[in-house]
Every structure is written in C-alpha cells, then in structure tokens.
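These are my notebook entries on how the strands of this model pair and on what packs against them. I worked through the pairings one at a time and wrote each one down as I looked it up.

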Amino acid sequence: MWFKNLTLYRFNKPFSTDTEALETALADFTFSPCSSQDISKFGFSNALGKKGQALVHSAENRHLICVTKEEKILPGQVIKEALDEKVALIEDQESRKVTKKEKDTMKEEITMTLLPRAFSRRSQTHALIMPELEMILVDSSSATKAEELLALLRKALGSLPVVPLHFTTPVETTLTEWLRNGASPQPFEMQDEAELKSDSDEGGIVRFKQQVLQEDEVLAHLATGKQVHKLSLHFAKSIAFLLQSDASVKRLKFSEEFRAATDDVGTEDPLAKLDADFALMGGELVAFINAMKQALGPIEENI
C-alpha cells in the first residue's frame with residue numbers, strides 16, 4: 001500500500017474517466033498466469049492485492065491501480081550450452097558448419113522445450129491516478145517499468161496524454177543552489193546524503209552519506225563546477241526521500257508516527273485498514289507533490 005518510489009507524469013489534458021469506466025476498461029487486460037509455453041505475461045490485477053476485489057480502488061477521486069508481471073526464468077547460459085551441444089552434434093555428424101539461420105531456429109526450439117520446466121518470477125507495480133494534481137504517480141524506481149505500466153493503461157483506455165514531469169529550471173540547478181545556500185525551502189529539510197556530478201566527462205561523481213553537507217569538504221566540489229543530482233530530504237516530518245535530477249523520488253518512506261494515524265482502524269476488517277492507509281497516503285502525497293512543484297517550479301509545459 002505505502003509507495004516507496006515516485007516516477008512522476010503529468011496529464012496534457014484533464015483526466016475525466018470515473019472509477020466504473022476505468023474498471024471496465026482495465027477488465028479487458030487483466031493478468032493471467034503464464035502457460036507452459038509463455039515467456040511472460042503482463043496485466044492488471046486487484047489494486048489492493050489478495051484482500052481486494054477490484055482492479056481500481058478509488059477514494060476522494062484518486063485511483064489506485066496495479067499491474068502484475070510474470071516472467072519465466074530461463075538463464076541464457078542454459079540455452080547457450082544446449083545450443084552449443086546440438087550444433088556440435090550436427091557439425092560432427094554432417095561434417096558441415098551450421099548456419100546462423102539454423103542456429104536461430106534451434107535456439108527458439110530449445111527455448112520452447114525448456115520453458116515448461118522453467119521457474120517463474122512475479123512482480124507488481126502500483127500507480128496512483130490523481131486528477132486533482134493532473135498527474136500519475138508510479139511506484140517504481142525504474143522508468144522502464146513505469147513506461148510499461150503506462151503503455152498498458154494507454155492500451156486499455158485508448159489514449160493516455162501524459163508526459164514525464166519536467167521543470168523549467170533543471171532540478172540539479174535548484175538542488176545545487178539549496179546546498180550552496182545551506183538551506184532548502186520549507187517544508188523541506190536537507191539531510192545527510194548527496195550525489196554531486198560534473199557536467200564534463202572527466203569530472204567524475206562524488207557521493208556523500210551520513211555527512212554534514214554544509215562542510216567545506218562538500219562545498220568545495222560545487223566550486224569546481226559539480227552539481228547536485230541526488231539529495232536526501234525530509235518533508236514536513238512525515239516523509240523521508242531522495243530527490244533525483246530527473247524529478248523522480250526514490251526511497252520514499254513515511255514516518256512511523258505518520259502511519260500510526262490509522263492504527264485504530266480495521267482491527268476486525270483488514271480491508272478497512274487498507275482503505276484508511278490509502279486515504280492517508282493519498283492526502284499526504286497531494287501536499288508533498290504540491291510543495292515539490294512550488295519548490296522546483298515552474299513546470300516545463302512545452303514537452
């Protein structure tokens with residue numbers, strides 16, 4: 001339930017699909033497990049996991065969705081060894097070289113033969129559609145996984161006019177100024193971790209952890225032209241996170257004190273607890289994103 005990363009996208013046009021219509025649209029692309037001959041399967045699953053019964057969980061016009069991906073684990077080395085053995089046998093028996101086209105065909109055949117015996121791995125990615133922010137928040141540290149989710153959502157809805165969130169002033173420029181000035185705008189507070197990177201290929205990267213960032217050792221790197229590409233921050237005592245130069249948020253962590261606000265909910269109904277957590281998280285993320293826009297803005301519209 002609690003998001004751990006944020007890859008951020010904004011709508012170019014208002015999102016007006018309601019919960020019922022969204023549920024119907026996603027239903028045509030629900031997840032089903034791999035069959036014996038499938039390499040991977042990808043589809044929408046219950047937003048609240050095993051305790052939920054709907055593909056979309058909505059509260060206060062915020063929509064939580066989830067995709068599940070199952071992949072067969074078939075190590076390339078296993079396929080290579082089987083292929084090498086088969087090629088060697090043919091070349092020995094027929095006294096000729098096996099062509100690349102033949103090898104490609106054999107590789108496909110070997111893969112299909114091994115698939116039924118392969119282990120499978122499942123992963124899930126959640127996203128939060130937030131019309132009030134005109135944004136989609138994907139709980140993933142991987143842009144590739146986020147784009148994969150959006151591609152399926154676009155397919156289900158027919159169109160999805162979203163672009164990555166960018167700011168007119170590069171995020172690294174803003175973070176560098178915060179570090180140089182020794183302070184970030186409220187309600188953000190700098191912590192003890194940063195990554196500084198030079199624009200030149202020869203300049204290199206320096207990383208600081210558990211370090212007082214206002215010390216001369218750190219600031220000296222700014223004087224050589226390095227910029228801050230990652231910076232650890234706190235938001236309003238409720239969220240710890242690492243902000244990156246592409247405006248993505250990693251290692252998002254809601255404080256125990258903040259999460260405790262719903263401890264008395266759902267002692268007899270786990271679904272009620274999930275719903276309360278979702279409402280609590282959604283409300284705080286709205287405040288967080290709005291503050292982030294204020295601190296880093298204006299937003300780059302011409303994308």
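I began with β5 and strand β6 (residues 135-138), which run antiparallel and are joined by 4 bridges. Since this is a predicted model, I treat every value in these entries as computed from it. Within this pair I looked up I129 and found that its bridge partner in β6 is I136. The two strands form a hairpin with 4 residues between them, and in its turn I noted E134, which has a positive phi of about 55°.

I then turned to the pairing of β5 (residues 119-130) with strand β4 (residues 62-73), which is antiparallel and extends over 11 bridges. For V67 I recorded T125 as the bridge partner in β5.

Next I went to the open sheet, where I read 5 strands in the order β9-β8-β10-β11-β12, with antiparallel pairing. Which strands stand at the edges? They are β9 (205-208) and β12, and because each has a single partner strand, one side of each is left without a neighbour in the sheet. I also looked up the turn between neighbouring strands of this sheet, which is 20° on average with direction ignored.

For the packing on this sheet, I noted that helix α5 (residues 171-181) touches β8 (188-197), β10 and β11, and that its direction makes about 70° with that of β10. Helix α8 (residues 270-296) packs on the sheet as well, touching β8, β10, β11 and β12, and the direction of α8 makes about 135° with that of β12.

I spent the last entries on strand β11 (residues 239-244). Is this strand mostly covered or mostly open? I found it mostly covered, with 5 of its 6 residues buried, where I count a residue as buried under 20% relative accessible area.

On one side, β11 is joined to strand β10 (residues 227-235) by 6 bridges, and the two run antiparallel. Here I saw that F241 in β11 stands opposite L233. The hairpin of β10 and β11 has 3 residues between the strands, and A236 takes a positive phi near 45° in it.

β11 also pairs with strand β12 (residues 249-254), in the antiparallel sense and over 4 bridges. I looked up two positions in this pairing: I239 has F254 as its bridge partner in β12, while L242 stands opposite K250. These strands form a hairpin with 4 residues between them, and I recorded a positive phi of about 70° for A247 in the turn.

Key. Residues numbered from 1 in each chain as written. Predicted model: local features only at pLDDT ≥ 70, side-chain atom pairs only at ≥ 80, totals over all residues. Heavy atoms only, no water. Buried < 20%, exposed > 50% of the residue type's maximum accessible area, 1.4 Å probe, protein only. Pairing = 2+ DSSP bridges. Axes fitted to C-alpha atoms, helices over the stretch in contact; angles between N-to-C directions. Contact = heavy atoms within 4.5 Å.
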